[in-house]
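Thanks for coming. I have one structure to go through, and I will keep to what can be computed from it.

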Amino acid sequence: MAVKSVIRKLMLFSASTVLLSAFLAVTPSFGLTVNHDVSITASYAEVSLFDEISIARRAMQEDVLDTYYSFYCFNNVAHNIPLKDPTYKRLTFKNSYSRIYPDTCRTSFVNTCPTCKGDGLMKVFQCNYQTR
């Protein structure tokens, strides 16, 4: 039983080694472009192995909550709907982002409760974000 386990591990190790070798043979520069425009007499400060543009950090994106409705029933708080009809937007940021509370109330109006058919208050909120 132990011999089969050792043989299996060796087979996995050799397969992963072959895959890694093939990857390194195909991409010798690890996907980065090498700056070949350096003269032989250049000083140490002028020599750059990689173009700064090729290794520049790319902007990240995430879909975040943009607007939503909140319904508050005047007759029964169990009928309240804190998040109704959400919309989303794509946020682009360099390092990170954070949501800034409280959300901005854009408008509010009286609306009929879908459960008890009584009156309630519908508010439209806009979410705010800070990017870094």
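I will take the overall layout, then the core, then the salt bridges, then some backbone details.

First, the ground rules. This is a predicted model, so to speak of local features I need pLDDT of at least 70, side-chain atom pairs count only at pLDDT 80 or more, and totals for chains, interfaces and linings use all residues. Residues are numbered from 1 along each chain as its sequence is written, and side-chain values use heavy atoms, with hydrogens and water left out.

Layout. The protein has one helix and four strands; helices (H or I, at least four residues) and strands (E, at least two) are DSSP runs, numbered from the N terminus. Read from the N terminus, the order is α-β-β-β-β. The protein has 132 residues, and 16% of them are buried. Buried means under 20% relative accessible area, exposed means over 50%, and partly exposed is in between, with a 1.4 Å probe and protein chains only. The exposed surface is about 10400 Å², of which carbon and sulfur atoms supply 61%; the areas come from the Shrake-Rupley method with a 1.4 Å probe, and for residues only the protein chains shown count as cover. Of the contacts (heavy atoms within 4.5 Å) with a separation of 6 or more, 59% are between residues 24 or more positions apart.

Now the core. Which residues make up the largest nonpolar core? There are seven: V64, L65, Y68, L91, F125, C127 and Y129. A nonpolar core here is a set of buried Ala, Val, Leu, Ile, Met, Phe, Trp, Tyr and Cys residues joined through side-chain atoms within 4.5 Å. Strands β1 (60–73) and β4 (119–131) each supply at least two of the core residues. Leaving out residues up to four places away in sequence, C127 touches L65, D66, Y68, R99 and D103.

Strand β1 also holds F71, which is buried at 1% relative accessible area. With the four nearest places in sequence on each side not counted, the contacts of F71 include H79, I81, C113, P114, L121 and M122. F71 and V110 are 39 residues apart in sequence, with a C-alpha to C-alpha distance of 9.3 Å.

Next, charges. Side chains of opposite charge can pair when their charged atoms come close. How many salt bridges does a search of the whole structure find? It finds three, where a salt bridge is a side-chain nitrogen of Lys or Arg within 4 Å of a carboxyl oxygen of Asp or Glu.

One is D63 with R90, at 2.9 Å, N to O. D63 is in strand β1 and R90 in strand β2 (residues 81–93), so this pair ties together parts 27 residues apart in sequence. D63 is partly exposed at 46%, and R90 is exposed at 54%.

Another joins R99 and D103, with the closest N and O atoms 2.5 Å apart. Here R99 is partly exposed at 26%, while D103 is buried at 13%. Both residues also appear among the contacts of C127.

The remaining pair is K84 and D85, at 3.7 Å between the closest N and O atoms. K84 is partly exposed at 27%.

Finally, the backbone. D85, in strand β2, is not a glycine but has a positive phi of about 50°. K117 is likewise not a glycine and has a positive phi of about 65°; K117 sits in the loop between β3 and β4 and is exposed at 60%. The peptide bond joining Y101 and P102 is cis, with omega about 0°, and P102 belongs to strand β3 (residues 97–112).
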